[in-house]
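Q: Please take a close look at a single part of this model and set it in its surroundings. Give the cut-offs for the terms as they come up.

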Amino acid sequence: MSAAGYPAFQSAIRLKASLLVTTLVVGLSLTAADAGYCASYIYDQWGRAVDAPEAYRAVRIVEGQSLGIGSFKEPQDIFVSPGGVVHVLDSANNRVVRLDDQWNVLSVIDEIETPTGPSRLSNPQGIFVDENGAIFIADTGNRRIVKLDAQGRLLAEFGPPQVEDVAAFTSGLGYMPLKVGVDKIGRIYVIARGVNEGLIRLDPTGNFTGFIGAPRVSVSLSDLVWSRIFTREQRDRMALFLPVEYSGLHVDDKGLLYVTVAAGETATLGELQSRPPIKRLSPSGVDVLVRQGFFAPAGDLDFAAASSDATVKGPSSLVDIATLGAGVYCALDGKRGRVFVYDSRGYLLFVFGSIGSRKGTFRTPVAVESMGKAILVLDSAKNSITVFEPTEYAHSILGAIVLEQIGKYDGAIALWEQVLKWNAHYELAHVAIGRAQLAKGLYREAMDSFRLGYDRKHYSEALADYRSEIARRYFGTIASCLAVVVIAVVVLRALGCRIPVLKRTMRRPSETASALFRNRSPFISRALSSVRDETGAHTSLLADLLYAFHVCFHPVDGFWSLKHTRRGATRAGAVILSVVCLAYVFMRQYTGFTFNTVDVARMNFLAEVASILIPFFVWCVVNWAVTTLMDGKGTARDVFVVASYGLSPIALIGVPLTIASNFMVAEEAQLYHLVLSGSVLWAALLIFVGTMVIHEYTGVMTTVSAVLMTVVGMGIVFFVALLFFSLLDAVRVFVAGVLTEYRFRL
Amino acid sequence: MRRDPLQSTGSVLSAIGSTLSVLSRIAAIVGLACALLSMDRAASSTGVTPEQEIQAAQAVPHMELVAENDHLALYINRSTTEIAVLDKASGDLWFSNPPNREKEETIARGTEKQRLSALLSLKFYDSSQRLKTLDSFNHSVQYGQFEVSSIPNGVRIRYTLGRKWNDGAALPLMISEERFRERILDRLDEKGQKQFLDRYTLIRVVKDDQSVTGGIKARVKGTSGAMLESRINSVFEDYTVEPGDETYRNNLTNLQNLRSQLEDLRRQARDDDANDEIRNLENRIYQLEDTLGVQKANAAILLLNTIRNNRSGVSEISDIKPEDLYYLRDAAVYVQGQMPAFVQRDLDQLIKLAGYTAEDAQEDHTSMRIEGPHPRIDVFGVTVEYVLDDDNLVVVIPGSELEYPVHVWDAAATPSGRYVTLPIVSLTVMEFFGAAGPGQCDYIFVPDGCGALIRPDHTRASVPAFSVPVYGVDNTLPVAEKPIEPGHAYLPVYGMKQGDRAVLAIIEDGEALATVRAYCQGMYNSYSVVFSEFTTMAVEQLPCETHFEQGVLNLYPPRCYQGDYRIRYAFLHGDEASYVGMALYYQDYLVGTHGLSRQSSRSSVPFFLELIGAIPVKSSVMGIPIHTTYALTTCEEAAKIVDLLSQAGVSDIKLRYSGWLAGGTEHDFPLRARVDQRVGGSKALESLRLALMGSGAELYPEVRFLTVYETGLFDGLNISRDVSRRLRKVVAQVHTFDLATGQPKEGRDRYILSPSRLEWLVDSFMDSFEHHGIRQICLADLGNEINSDFRVGSAADGSYIDRQQAATMINGVVSGISQNGYSVMVEGANAALIPYADCVVGVPTASSGRDILFEDVPFMQIVLRSLVDYAGEPINMSGDYRIAFLKALETGSGLCFRWSYRPAPTRRSTEAGDLYSLHYTGWIESALGMYREAQSVLSEIAGRKIIQHEKLADGVYRTTYDDCGAVVVNYNNDSATVDGLSVSGRGYLWLKGVADQ
């Protein structure tokens with residue numbers, strides 16, 4: 001049923017206006033200066049909108065009147081055929097307008113020639129043209145898909161798919177096809193209104209072959225319970241039910257489907273990331289979209305929450321998607337009128353467009369389509385097509401991507417360098433240049449580039465190379481130094497000398513310390529002289545601090561001693577706590593780039609410290625309260641001392657680890673995380689043991705229940721605090737309102 | 001005999017309409033006569049012959065000549081206040097309202113259609129905060145609430161907008177019989193009298209003679225009827241109420257007759273026959289008594305209800321005391337009965353004819369001791385003056401003569417009533433002056449950005465109407481979220497071209513409060529218009545969501561702008577009637593009013609270089625943010641870049657150096673000109689100055705005064721003293737907005753300097769700046785920002801500083817600096833600053849690109865050309881530098897680049913977002929290439945006026961320079977052939993010596 005095979009009825013061609021007006025001035029031609037200014041931005045790695053140079057510029061507005069065919073009326077879709085013919089689906093006029101790439105009218109199909117006489121479209125919503133020029137139209141009002149040739153003769157007609165149990169079909173709504181797409185081998189994909197089972201897939205002859213693209217059902221506990229109760233039929237129906245209503249559809253040149261999903265108004269960024277609104281489906285319905293960018297492609301990342309009082313809120317409402325070649329695709333946000341352009345790996349390249357009454361802005365954008373380098377946006381309220389062309393900046397980026405794909409890296413690098421001239425902060429360019437530097441062996445420079453490009457993976461690669469290069473270069477020196485040290489130790493051992501300091505410090509900190517310093521520093525010695533002995537009430541601060549080492553390795557003994565013999569432990573505990581806070585901030589800020597996921601520039605010291613101190617003190621208070629009820633022997637002081645001493649492994653391990661992380665590569669991530677979680681576990685274990693010791697619990701189970709109840713109690717405290725503060729806020733708003741009125745009304 | 005003013009106006013209009021053909025013919029004759037006479041007009045002094053005067057007078061039917069001079073004649077229609085201006089040189093007639101609107105108007109209906117007859121309209125918020133619009137026709141002329149008086153060279157009209165009295169207010173509720181006859185009935189014809197008598201009931205309060213037994217029989221049966229009866233009897237004591245009309249009187253006579261008959265019968269006959277007759281008579285008497293009783297009751301109820309409804313302190317009939325009614329004893333009054341609205345309307349018309357007014361009714365109400373309807377409070381007074389000044393028509397609205405209700409008691413505002421002030425918030429002037437119907441208007445020129453044209457015949461009616469605030473927006477008024485670009489009109493001018501004639505409006509006074517508006521036929525009515533609206537008083541709407549008040553509270557400053565709103569209209573004809581003609585006219589106007597001189601001896605167009613010194617950065621050490629500056633370009637490095645350029649042959653460099661002050665681009669409170677240490681300190685600045693002197697470049701260090709940053713306790717900024725206040729009395733800050741969400745973003749506090757402190761700050765800065773020995777300065781934001789200060793007491797007169805006053809203060813400061821011998825560079829350049837500026841950067845080369853705009857025109861550049869040096873936005877900040885370059889050639893702008901010596905630090909460390917394309921090494925080669933390419937053209941056109949600018953084809957424009965040549969630029973990707981000359985794609989052509997054809 002190809003278009004070529006259809007007999008040509010020249011006389012029967014009913015084209016209302018078969019115009020070939022070459023001299024016609026099309027629409028309003030705009031120069032650069034005419035083009036509307038639109039603040040353009042891009043999202044950085046933290047999901048914040050940052051300035052970027054203008055990427056696409058509206059160069060032309062195409063309107064029906066100036067084409068000489070009367071105004072478009074609520075056009076809903078646009079398609080550029082592989083042959084470069086622009087098909088505008090002029091929905092309210094129930095016609096298809098075909099334009100050439102110079103925007104001259106080729107023909108207007110407003111009547112379908114069928115063997116049984118002329119037929120008309122009825123509020124059609126979607127259009128697709130295949131390689132042979134056959135036009136597929138989702139003829140929504142007539143509940144069918146029609147396949148026409150370029151002259152408007154009917155080639156085939158596909159009515160409602162023969163499928164049972166689709167709620168939308170059995171309800172009053174019926175089959176209302178909205179968008180249609182056809183892949184290489186002629187399979188037809190349809191988005192229909194109210195159908196949330198996925199895309200309807202038809203075979204080339206129009207037989208229903210299934211739904212595709214419904215997300216996998218993740219089985220939850222409640223599902224399991226229900227499945228015990230339900231019959232098999234009910235279960236099947238339930239499996240199908242996951243509301244996914246596709247909004248836009250595009251078939252790329254590989255025959256894969258790009259689809260967009262309209263996100264819920266109240267969706268958060270996290271939900272957008274876990275259930276991405278842009279997908280690339282294989283014919284079997286598997287999502288194969290690459291999402292290597294900082295965020296999964298989802299339109300706007302930063303948006304006013306649905307509960308805020310902003311005029312436009314909620315996530316982007318993606319309505320259409322189109323590919324631009326070289327794996328680059330763009331999605332159109334109908335809500336804010338923005339076009340988001342992504343590369344094949346899912347990096348956001350550009351954002352442009354907005355809602356407005358200026359050139360290059362839209363009122364109700366409904367469809368996006370590419371034509372060569374240009375991007376066309378169809379506006380159903382302005383009844384116009386806006387033609388965007390890339391600026392030199394965007395041109396360079398797109399060019400570099402193409403060159404990279406065909407392996408011409410040198411040319412690509414030259415273009416990326418151009419790009420940096422326009423936008424010194426363009427991450428992709430930095431990454432590409434970094435890769436080139438890496439290939440040339442400029443590891444240090446590559447590291448800088450990857451850091452600017454915020455590419456941890458490549459940074460780590462460069463670091464690994466750099467590290468081994470350094471190691472190679474200084475291997476001799478390092479090796480000989482090590483050899484000297486080893487030999488020295490062996491020799492000294494052989495000579496019978498002992499290395500006393502370390503071991504003794506571990507075991508008997510105060511004594512060792514005082515012994516250590518007695519002869520060297522009169523000041524410290526005087527401080528240490530206050531140490532009486534192990535059973536005495538007073539020990540020096542330093543000794544108390546160093547006792548933390550003992551506690552770490554001998555928690556039972558250590559905590560007992562802290563509780564019963566060391567009165568200075570509170571003081572030392574406070575110091576340890578502050579050290580842990582500082583160590584935490586240090587870790588957050590100075591962890592190597594490969595492992596650091598914190599936005600260092602936005603870090604707030606007080607907030608970081610508070611994130612340690614608040615849970616800490618809540619733990620202390622609640623634990624004390626809980627254990628008091630549970631016959632614990634420990635005092636509030638004991639609880640504090642245990643918690644603070646218990647945290648010391650975090651500082652002890654965290655700080656060296658943080659320093660080491662700057663020299664670690666991604667392959668060593670397991671080691672890094674093992675050590676990091678080891679320190680946390682250690683701390684937890686210490687606190688657990690400490691709790692047992694100070695409260696003199698004999699059973700492990702008693703301690704476990706005490707700890708659990710403390711955790712629950714902390715939850716309650718946080719909940720009450722939240723309640724209190726929201727109440728306080730309500731009071732504040734009220735008082736402020738009354739004051740305002742008092743000031744301005746009286 | 002009813003005369004409807006509405007109808008009479010209509011007949012006037014249709015009369016105008018019917019004389020259209022005659023009119024056009026006569027206009028043609030006048031034009032011809034002018035053309036013939038123009039030959040000897042050069043010699044003659046007046047140029048106006050008696051014939052012409054006669055013809056002119058004939059040409060404007062229903063209008064009266066009120067002023068004229070050598071160039072213009074002003075006519076007015078005294079019954080509608082419409083005006084018309086005759087341009088004697090061309091014979092063009094310009095009407096304030098479209099003369100054929102009765103016939104031509106096909107879209108607007110009712111009051112909207114009548115609005116076409118208005119000359120001005122105003123907006124105000126009523127006491128429930130709804131915005132209302134009143135116009136001079138519907139709300140003033142229709143009620144006859146205006147006065148026309150003559151003034152030298154013109155005419156003055158005082159409008160009272162808003163009806164004083166509601167419908168029916170002139171109909172008295174109660175009126176004594178003699179006053180009713182004397183003032184109303186006697187002045188009406190029989191039909192009118194009948195209409196009145198139908199609706200008014202004559203009621204007498206007379207000594208109760210008990211003639212009707214049983215007194216008043218209430219119509220209402222049952223106990224309430226009995227209660228009413230006793231009530232009435234007790235109120236009137238031994239008096240009673242009786243209707244004064246004929247039926248009652250006849251019935252009473254009948255009753256007496258019947259009674260005497262009955263008595264006769266009783267006396268005469270005592271047999272059975274007579275008994276029947278007696279019974280019969282008794283029945284009739286009984287019935288009649290009943291009827292009379294009902295009539296009396298109705299009259300009493302009407303009277304008592306009228307008193308109850310219209311006397312304060314009385315809410316029930318039972319509240320009326322007998323002593324309250326003594327004044328009515330033995331009186332005869334007419335009381336208004338119930339009437340439907342249409343009857344009320346009829347009677348209202350009749351009573352107006354009788355000459356009885358609402359004030360008379362109020363007098364009668366007072367004498368009847370009741371309160372009638374109150375006069376309305378929303379009544380406004382506006383005065384307009386039309387004056388002929390040489391070849392211009394000047395329209396003046398004295399701001400001091402605006403009248404609006406101030407602290408008046410509004411009984412309807414809340415259930416208990418309250419005092420309200422209803423200020424006029426905006427004034428729209430001459431909306432329909434020169435209004436053009438379909439096909440009549442070539443284009444409307446609006447000052448959006450560089451200037452833009454609206455072509456009504458190519459505009460869809462569905463696009464939004466146009467508006468642009470003159471001199472941008474007032475930042476002291478709050479914005480909750482980032483607004484869609486409102487645009488910025490640097491020049492307070494607008495105009496319209498119709499065939500071979502055009503009108504240009506220049507807002508001379510009050511321009512900082514003006515918004516230029518335009519709309520096309522089909523949007524609101526059948527006409528295309530351009531006009532200005534003045535914000536007479538700023539409003540801040542405070543959301544008020546306490547339990548006591550829901551919704552918003554409008555906050556107003558204590559007074560409206562007291563100066564004049566003044567628009568000057570110039571009439572252009574023939575070749576002059578185009579946007580180029582308008583621009584040149586405006587340039588001449590600027591030269592004439594400010595005594596400017598033109599640069600005629602320039603040999604080159606300067607190369608504008610913007611270098612960014614230090615920028616504020618923040619870094620973090622152990623999570624603690626540290627704010628410091630980072631030098632993108634030190635003084636030494638700036639000298640290096642300039643040196644590179646001048647070695648490559650670039651001459652006449654104007655270097656705008658920003659970020660040199662302590663604190664960098666977001667510099668400290670500029671009380672002193674302290675140089676940032678990171679750019680090298682004051683010694684480095686000194687050596688930069690010397691280095692630039694050597695290479696002939698000029699150094700313009702940039703400083704910003706209007707928005708300031710707080711940097712510490714001792715920076716000299718006293719927020720409570722130096723910062724403007726919003727209307728809600730809080731300190732005024734400027735927010736930055738998130739690019740994606742448009743919501744205000746966390747950032748450094750940026751305050752709006754109070755205009756009252758500007759002079760102090762500038763003086764202090766300049767004293768210190770003098771020591772650097774630099775005689776040039778870039779006053780960036782003074783050129784494009786004007787903010788008011790709503791703090792009461794901020795102005796010298798104890799009031800606030802409105803935007804116009806702020807504009808004047810800025811002008812004063814800049815002119816002061818300029819008079820002290822400094823060369824001044826400003827950004828954008830609001831028109832008022834052009835006289836004091838030596839160069840202007842950031843002159844827009846595009847408009848805001850709104851849908852209604854058809855194309856951009858370099859109006860602003862034509863005006864600036866040969867007055868000052870100017871440049872557009874930096875070329876490297878534009879997405880497409882070739883287009884930016886061509887634009888510079890088309891508009892004769894100097895080339896401009898914004899660079900830094902060092903690349904910008906990572907984005908994370910700085911809040912400034914637009915530093916992404918500054919690094920000079922990437923640009924210097926292409927900049928030099930552009931400079932060399934442009935120099936051939938720019939050196940030729942230096943100091944020359946633009947005398948013609950036209951669009952040759954889509955994307956192909958030609959700009960003709962006075963006496964040297966023309967440049968044709970082609971923005972298209974493909975080459976274009978124009979007049980046999982081929983212009984390559986994205987290229988240009990210099991046609992030396994080609995004069996305007």
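A: **One strand and its setting**

The accessible surface of chain A comes to about 34,600 Å², and 62% of this belongs to carbon and sulfur atoms. Accessible areas are from the Shrake-Rupley method with a 1.4 Å probe, and for residues only the protein chains shown count as cover. The model is predicted, so local features need pLDDT of at least 70 and side-chain atom pairs count only at pLDDT 80 or more, while totals for chains, interfaces and linings use all residues. Residues are numbered from 1 along each chain as its sequence is written, chains are lettered from A and ligands numbered from 1 in the order in which they are written, and side-chain values use heavy atoms, with hydrogens and water left out.

The mean pLDDT (the predictor's confidence in each residue, from 0 to 100) of chain A is 82, and 84% of its residues reach 70 or more. Residues 1–37 of chain A stay under 50, and the model gives them 88 contacts (heavy atoms within 4.5 Å) beyond four places in sequence. For residues 500–514 of chain A the pLDDT is also below 50, with 20 contacts beyond near neighbours in sequence.

Chain A has 21 helices and 30 strands; these are DSSP runs numbered from the N terminus, helices being H or I of at least four residues and strands E of at least two. Of its 746 residues, 51% are buried, where buried means under 20% relative accessible area, exposed over 50% and partly exposed in between (1.4 Å probe, protein chains only). Among the contacts in chain A with a separation of 6 or more, 57% join residues 24 or more positions apart.

The part to examine is strand E20 of chain A, residues 257–261. Five of its five residues are buried, so the strand is largely enclosed by the rest of the structure. In a regular strand, side chains alternate between the two faces of the sheet. In E20(A), A:Leu257, A:Val259 and A:Val261 are on one side, A:Tyr258 and A:Thr260 are on the other, and both faces are covered.

E20(A) has pairings to describe with E19(A) and E21(A); two strands pair if DSSP finds at least two bridges between them. Strand E19 of chain A, residues 246–251, pairs with E20(A) in the antiparallel sense over five bridges. One of the bridge partnerships links A:Tyr246 with A:Val261 in E20(A). The two strands form a hairpin with five residues between them, and A:Gly255 in the turn has a positive phi of about 85°. Strand E21 of chain A, residues 278–281, is joined to E20(A) by four bridges and also runs antiparallel to E20(A). Here A:Thr260 has A:Ile278 in E21(A) as its bridge partner.

As wider context come the nonpolar cores, each a set of buried Ala, Val, Leu, Ile, Met, Phe, Trp, Tyr and Cys residues joined through side-chain atoms within 4.5 Å. The largest has 269 residues, and A:Trp416, A:Tyr426 and B:Leu393 have the most contacts inside it. Helix H13 of chain B, residues 579–594, gives the most to this core, with ten residues. Another core, of 44 residues, lies apart from it; A:Ile137, A:Leu148, A:Phe158 and A:Tyr175 are among its members.

Chain B supplies further strands for reference. Four of them form an open antiparallel sheet in the order E43-E44-E45-E48. Strands E43 (946–953) and E48 (987–992) of chain B stand at its edges with a single partner strand each, so one side of each is left without a neighbour in the sheet. The twist averages 15° from one strand to the next; axes are lines fitted to C-alpha atoms, for helices over the stretch in contact, and angles run from 0 to 180 degrees between N-to-C directions. Inside this sheet, six bridges join E44 (residues 956–961) of chain B to E45 (residues 965–970) of chain B, with B:Thr960 partnered by B:Ala966. Helix H20 of chain B, residues 881–891, lies across the four strands E43, E44, E45 and E48 of chain B, running at about 20° to E48(B).

Strand E31 of chain B, residues 653–658, contains B:Lys654. This lysine has 5% relative accessibility and therefore counts as buried. Beyond four places in sequence, the contacts of B:Lys654 include B:Phe607, B:Glu698, B:Tyr700 and B:Asp869.
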